[in-house]
Amino acid sequence: MKINKKIIGAIIAVTCSVSSFSCVLPLSASAEGELTYGDLTYTAFDSNNDGIGDYISIISCNESAVSVNIPSEIDGLPVTKIEKKAFYCNPNIENVTFPESLNYIGEQAFYRCTSLKDVVIPENITTINQLTFCYCSSLESVSLPENLKSIGRFAFSFCSDMKSITVSENNAYFTSLDGVLFNKDKTSLILYPIGNERTGYAIPDGVTKLEDTSFTSCEFLEKVTIPDTVTMINSGTFEGCSNLKSVVIPNSVTYIGGSAFEACTSLASVKISKNAEVIESRAFLGCESLKSVFIPNSVTKMEERAFDECTGLINITIENPDCYIFDSEQTIADNVTIYGDAVSTAKDYAEKYNKKFSLKRLRGDVSNNNEIDLYDAIIIAKYILGKWTFTEEDKLIADYNDDENINLYDVIGIAKFLVSKRTTV
């Protein structure tokens, strides 16, 4: 399926205040006082109303321009600003040189400049506004200055060729490691460059938060290791990572945001945190390679279309009998067998929308005969010896003592249970 970006696209559309993503160059707020300097159109601003211009602001650029060197002065006045949408959707611009006098770049200033290749942000810039370089698909690298304090939403989103982000060592708010953008103390991963060709990436220990869209559309990634310091996976974090094959969400994670793994079409297995409380809307929508999903007892809420369009999904186990399941046929894909308790919201949901339902498997019942017996202990022992294979769901069931390992202690646990059962009888 195509990458579904409806949620992100809707936010961008509203922010852009346009009805579509069509590239129409903006009109200036005032036609009076507009002058040209080479390919640039600018105006002088009189900030204190004394009748004398104080600074120059660039308001647009000739669409045919390929390389632009913005001067530090025009007519003796410093060039300090690039206005909102100044280079908006310019298809030809490849290189822009910024003067050190520049202290402001407006929203969407370089939005969808698809030929722009690299950017060095000047030292006096303290804020990069939202959508400033969004959809600059040829942008390969960006260097962020010492004085930068904030980066707006989607500022560098969908820059499909971006391979690295570098940050001044003296910046007090941001840093980069291996080309990846973090906040200064590396507790928040802000942006992984889409065009980096690594197939595997280990998120550093100490990161607690994966920001919105931080890995969106990273199509080279096949494996991401999430450390047990992460507590939040936010909206769209891994959306469109079409080659991501498996994910273990550590037990430190309590929140899985909307569209977090949407359109991860190669994702064949996912282990959900035992402490996750909410699975937001569209979290796994379109994960068509998923076969089996185990929703732990900690999950209290499963929102709209959480597992919709998972065309390969065979079964989903919902441990919590009181888990809220969004009241829609599309919350869970068709043709999926839902496993749950005899009295549960899972059963009620399945019956209401005519989906297949079965009582959930007992922990330890790897033979799947609805009881724990000697055969289960034997099968687990064979697995430990490498003479048996388990599906991801089987592995969860085989972990009889719930310590996240399949080992001899699980066999012993079953043996003790059988002995106690026999003694009782």
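Here is a short chat between a student and a tutor about a predicted model.

Tutor: Residues count from 1 along each chain as its sequence is written, and side-chain values use heavy atoms, leaving out hydrogens and water. Because the model is predicted, local features need pLDDT of at least 70 and side-chain atom pairs count only at pLDDT 80 or more, while totals for chains, interfaces and linings use all residues.

Student: Which helix gives the most to the lining of the largest pocket?

Tutor: A pocket here is an open set of points on a 1 Å grid over the protein atoms alone, where a 1.4 Å probe fits, with protein on both sides within 12 Å along at least five of seven lines; lining residues have an atom within 4 Å of a point. Helices (DSSP runs of H or I, at least four residues) and strands (E, at least two) are numbered from the N terminus. The lining has 30 residues, with V248, K271, E392, K395 and L396 nearest the centre. Strands 19, 21, 23 and 25 each supply at least two of them, but the top giver, with four residues, is helix 4.

Student: Which residues touch the most other members of the largest nonpolar core?

Tutor: A nonpolar core joins buried Ala, Val, Leu, Ile, Met, Phe, Trp, Tyr and Cys residues through side-chain atoms within 4.5 Å. Buried means under 20% relative accessible area, exposed over 50%, and partly exposed in between (1.4 Å probe, protein chains only). This core has 55 residues, and the ones you want are F238, F261 and F284.

Student: Which residues of strand 13 point to one face and are buried?

Tutor: In a regular strand, side chains alternate between the two faces of the sheet. Strand 13 (residues 164-167) does this: S164 and T166 point to one face and are not buried. Pointing to the other face, and buried, are I165 and V167.

Student: What stands opposite V167?

Tutor: Strands pair if DSSP finds at least two bridges between them. Strand 11 (residues 141-144) and strand 13 pair in the parallel sense over four bridges. Opposite V167 stands L144.

Student: Is D75 buried or exposed?

Tutor: D75 sits in the loop between strand 5 (73-74) and strand 6 (77-82). Its phi is positive, near 55 degrees, though D75 is not a glycine. With a relative accessible area of 68%, D75 is exposed.

Student: What is the relative accessible area of N368?

Tutor: N368 also has a positive phi, about 60 degrees, without being a glycine. You'll find N368 in the loop between strand 30 (357-359) and helix 3 (374-384). N368 is partly exposed, with a relative accessible area of 42%.
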